[in-house]
Amino acid sequence: MYVVPPTSQKSDSASGSTDFRVYQSWKGSNNFLLQGRLIFGPDVRSLFFTILLIAAPVGVFCAFVAHKLIHVYPDNSGISIMVVVIALTVYDLVLLLCTSGRDPGIIPRNAHPPEPEVYDGSVEAGGGQTPQLRLPRIKEVEVNGIPVKIKYCDTCMLYRPPRCSHCSICNNCVERFDHHCPWVGQCIGLRNYRFFFMFVSTTTILCIYVFAFCWVYIKKIMDAEDISIWKAMIKTPASIVLIIYTFIAVWFVGGLTAFHLYLISSNQTTYENFRYRYDRRANPYNKGVVENFKEVFCTSIPPSKNNFRAMVPNEPPPPPRPMGAGFVSPNMGKGTDDIEMGRKATWGGEFGPGLESNQGQLSDNDVLIKDGRLGEASPADIRSHVDEIGDRPGVHPRRSSWGRQSGNWEMSPEVLALAARVGGSSNSSRLLGEKQFTEVKL
């Protein structure tokens, strides 16, 4: 498995790309094999346990049941029993690998948030400033004439297409997200749902096949030795173990097969079935039973939107925005955590020499908020708030009374600068600050 190295990326200005491939700098929680040719989920270790649950019983069946049945039938035709079970097992494991080791339909992340389409009129702008830009949390699109809501993903910085959801385990947005299967160690989505269903249904057939021929072997013992069923079962304990094992397993995989047959016939996903309950409202994706099955089994699988072996291109800088215009995330008011690193955004090094990085920083919690809004505080409130911050240890040690002169409570230019960033002060405060600034210079 490949682990992303902690080294920094080196850019190649001539080619416009970095020295790393996409799979080496992947931001999701996936594991890669064969230099990005195979992609697995973070719980890929469970895949080996699933392989063991399939291969071990088949091995026991071939050694203690199918091998004995070869000579029971004339002309050694019983060898076909072993050939069929081995073929079913190999086919089942190939389907398991196709389900677990391929891109389930991951949508590539954006390097920057999309351009806001509307101005936020709820936040008042200061004098000379443009309104703040806000991304709507939810948009509404039409699918087959029925309105469907799509959500903005803060992690991937994109609006999820219909039927897309963000997997918290793999940390990716997946098209036609069905569920994350821990048994295969991968998300089940648009590009591997067909293989997943075929894997589950083939496993069900394999369980029924082993279960049935174990009883056939017991019946052959009864007929050959003319004994009761209980004595025949004692003579082949491996058959009894396999019967119990496959009987329990078929309830799980068989029930899962039946459930997904229902989902396919109604064109639903597991996620939609448990969350939206289309029996209470119209399903915009339902095309009828026949067309729904054709969509899953008879349509071509779309190519992956990710080239994991490609070189990572240099990320373009974010597009410039008008002076004074701010960007408001859909989660504004819920805390502005750094999405990728999980850190709080801070203020520092933006207010001139009085707020250098080695003199302390003003965090988001230090911003003066009044009545739930920014930029509506009076100069007196700002002055008292700044004085309160200045009294904290480690903040502005070289200015014990930052923001005012000794014996003079008039606002200094630094306080006016902070007021302008918070939302702007009144025109009278601005004129007073200019007068103060002139006096300081003289």
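**View 1. Four aromatic residues gather in one cluster.** In this predicted model, Tyr23, Trp26, Phe32 and Phe308 come together as one aromatic cluster. Let's zoom in on two of its members. The ring centres of phenylalanine 32 and phenylalanine 308 sit 5.3 Å apart, and their planes meet at 55 degrees, so this pair is called tilted. These two residues come from distant parts of the chain, 276 residues apart: phenylalanine 32 belongs to strand β3 (residues 31-33), while phenylalanine 308 is in the loop between α7 (289-297) and β14 (311-313). Are they buried or exposed? Phenylalanine 32 has just 3% relative accessibility, so it counts as buried. Phenylalanine 308 is buried too, with a relative accessible area of 8%. If you go hunting through the whole structure, 14 aromatic pairs turn up.

**View 2. Two rings pair up within helix α3.** Phenylalanine 211 and tryptophan 215 are both in helix α3 (residues 193-225), and the four residues of spacing make about one turn of the helix. With ring centres 6.5 Å apart and planes at 75 degrees, the pair is edge-to-face, because angles over 60 degrees get that name. Phenylalanine 211 is partly exposed at 27% relative accessibility, and tryptophan 215 is partly exposed at 32%.

**View 3. Strand β8 has a partner in both β7 and β9.** Strand β7 (residues 138-143) runs antiparallel to strand β8 (residues 146-153), and six bridges join them. Look for valine 143 facing isoleucine 146 of β8. Two residues lie between these strands in the hairpin, where asparagine 144 has a positive phi near 55 degrees. β8 also pairs with strand β9 (residues 158-159), again antiparallel, over two bridges. Here tyrosine 152 is opposite tyrosine 159 of β9. This hairpin has four residues between its strands, and methionine 157 is the one to spot, with a positive phi near 55 degrees.

**View 4. Helix α5 has a kink in it.** What span does α5 (residues 237-265) cover? Its 29 residues reach 41 Å from first C-alpha to last, close to the expected 42 Å. Find valine 250 and you've found the centre of a kink of about 30 degrees. Just past the helix, asparagine 267 takes a positive phi of about 55 degrees.

**View 5. Confidence varies along the chain.** The mean pLDDT of the protein chain is 74, with 62% of residues at 70 or more. Among the elements, α5 has the highest mean, 96, and strand β16 (residues 346-347) the lowest, 38. Residues 3-14 stay under 50, and residues 392-409 are below 50 as well.

Key: Residues are numbered from 1 along each chain as its sequence is written. This is a predicted model: local features need pLDDT of at least 70, side-chain atom pairs count only at pLDDT 80 or more; totals for chains, interfaces and linings use all residues. Side-chain values use heavy atoms; hydrogens and water are left out. The expected span of a helix is 1.5 Å times one less than its number of residues. The bend at a residue is the angle between axes fitted to the seven residues ending there and the seven starting there. pLDDT is the predictor's confidence in each residue, from 0 to 100. Contact means heavy atoms within 4.5 Å. Two strands pair if DSSP finds at least two bridges between them. Rings of Phe, Tyr and Trp (its six-membered ring) pair if their centres lie within 6.5 Å; planes under 30 degrees apart count as stacked, over 60 as edge-to-face and the rest as tilted. Buried means under 20% relative accessible area, exposed over 50%, partly exposed in between (1.4 Å probe, protein chains only).
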